[in-house]
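Here are my notes on the model you sent over. I've put them as numbered points so you can check each against the coordinates.

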Amino acid sequence: MPLEITVKEGQLTTEIIGSFDDLEDALTEFNELINRRNWNPSVTTIALSDTNKNKCLAQYALQEFNHSKN
């Protein structure tokens, strides 16, 4: 199952962060990105998608703490 993690900047720009064949590896990376601090404020969401089925499996909207400078 080809999986892809992307981040969305603003309304139109999407960047691929990683591609995975293993769901456990993809979920581990997805969770690490959710808990990451110091994202650029223009980054609004992180998504995990199944590229074979063209389906979004999970999406997380970044919160204020994700953008903090701690």
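Is β3 largely enclosed by the rest of the structure or not, and how many of its eight residues are buried?

1. Starting with that question: β3 is largely enclosed by the rest of the structure, because seven of its eight residues are buried. Keep in mind that this is a predicted model, so everything below is a reading of a prediction.

2. Now for what surrounds β3. The fold has an open sheet of four strands, ordered β2-β1-β3-β4, with antiparallel pairing. The edges are taken by β2 (13-20) and β4, each of which pairs on one side only. On average, neighbouring strands of the sheet are turned by 20 degrees against each other, if you ignore direction.

3. Then there's the helix. α1 (residues 23-35) packs on the sheet and touches β1, β2, β3 and β4. If you compare directions, α1 makes about 175 degrees with β3.

4. On one side of β3 sits β1. Strand β1 (residues 3-9) is joined to β3 by seven bridges, and the two run antiparallel. If you want to check the register, look at Ile 5, which stands opposite Leu 48 in β3. Another pair to look at is Glu 9, which has Val 43 of β3 opposite.

5. The β3 to β4 pairing is worth the same look. Here six bridges link β3 (residues 43-50) with β4 (residues 55-61), again antiparallel. Leu 48 turns up once more, with Ala 58 as its bridge partner in β4. So that you have a second pair for the register: Ser 49 is opposite Cys 56 in β4.6. Between these two strands is a hairpin turn. Four residues separate β3 from β4, and Asn 54 lies in that turn. Its phi is near 55 degrees, a positive value in a residue other than glycine. Most residues other than glycine have a negative phi. What is the accessibility class of Asn 54? Asn 54 counts as exposed because its relative accessibility is 69%, and the cut-off for exposed is over 50%.

7. Asn 38 belongs in the same discussion. This residue is not a glycine either, yet Asn 38 has a positive phi of about 65 degrees. Asn 38 is placed in the loop between α1 and β3. With 35% relative accessibility, Asn 38 counts as partly exposed. I'd look at both Asn 38 and Asn 54 when you go through the backbone angles.

8. Arg 36 is found in that loop between α1 and β3 as well. Arg 36 counts as partly exposed, at 38% relative accessibility. How far apart in space are Arg 36 and Glu 4, C-alpha to C-alpha? The two are 18 Å apart, with their positions 32 residues apart in sequence.

9. A separate loop, between β2 and α1, holds Asp 22. Asp 22 has a relative accessible area of 36%, which makes it partly exposed. Asp 22 and Pro 2 are 20 residues apart along the chain, and their C-alpha atoms are separated by 7.8 Å.

10. Back in the sheet, Thr 6 is found in strand β1. Is Thr 6 buried or exposed? Thr 6 counts as buried because its relative accessibility is 13%, and buried means under 20%. Leaving out residues up to four places away in sequence, Thr 6 touches Thr 14, Glu 15, Ile 16, Ile 17, Thr 45, Ile 46 and Ala 47. Among these contacts, Thr 14 and Ile 17 fall within the range given for β2 (13-20), while Thr 45 and Ala 47 fall within the range given for β3 (residues 43-50).

11. Last, the surface. Which residues make the nonpolar surface patch of about 240 Å²? Leu 23, Leu 27 and Leu 57 make that patch. Leu 27 has its place in helix α1. With a relative accessible area of 37%, Leu 27 is partly exposed. Leu 23 also falls within the residue range of α1 (residues 23-35), whereas Leu 57 falls within that of β4 (residues 55-61).

How values were computed: Residues numbered from 1 in each chain as written. Predicted model: local features only at pLDDT ≥ 70, side-chain atom pairs only at ≥ 80, totals over all residues. Heavy atoms only, no water. Pairing = 2+ DSSP bridges. Axes fitted to C-alpha atoms, helices over the stretch in contact; angles between N-to-C directions. Contact = heavy atoms within 4.5 Å. Patch = residues over 30% accessible without salt bridge, like charges linked within 9 Å, V, L, I, M, F, W, Y side chains within 5 Å. Areas by Shrake-Rupley, 256 points an atom, 1.4 Å probe, with all protein chains shown as cover. Salt bridge = Lys/Arg side-chain N within 4 Å of Asp/Glu carboxyl O. Buried < 20%, exposed > 50% of the residue type's maximum accessible area, 1.4 Å probe, protein only.
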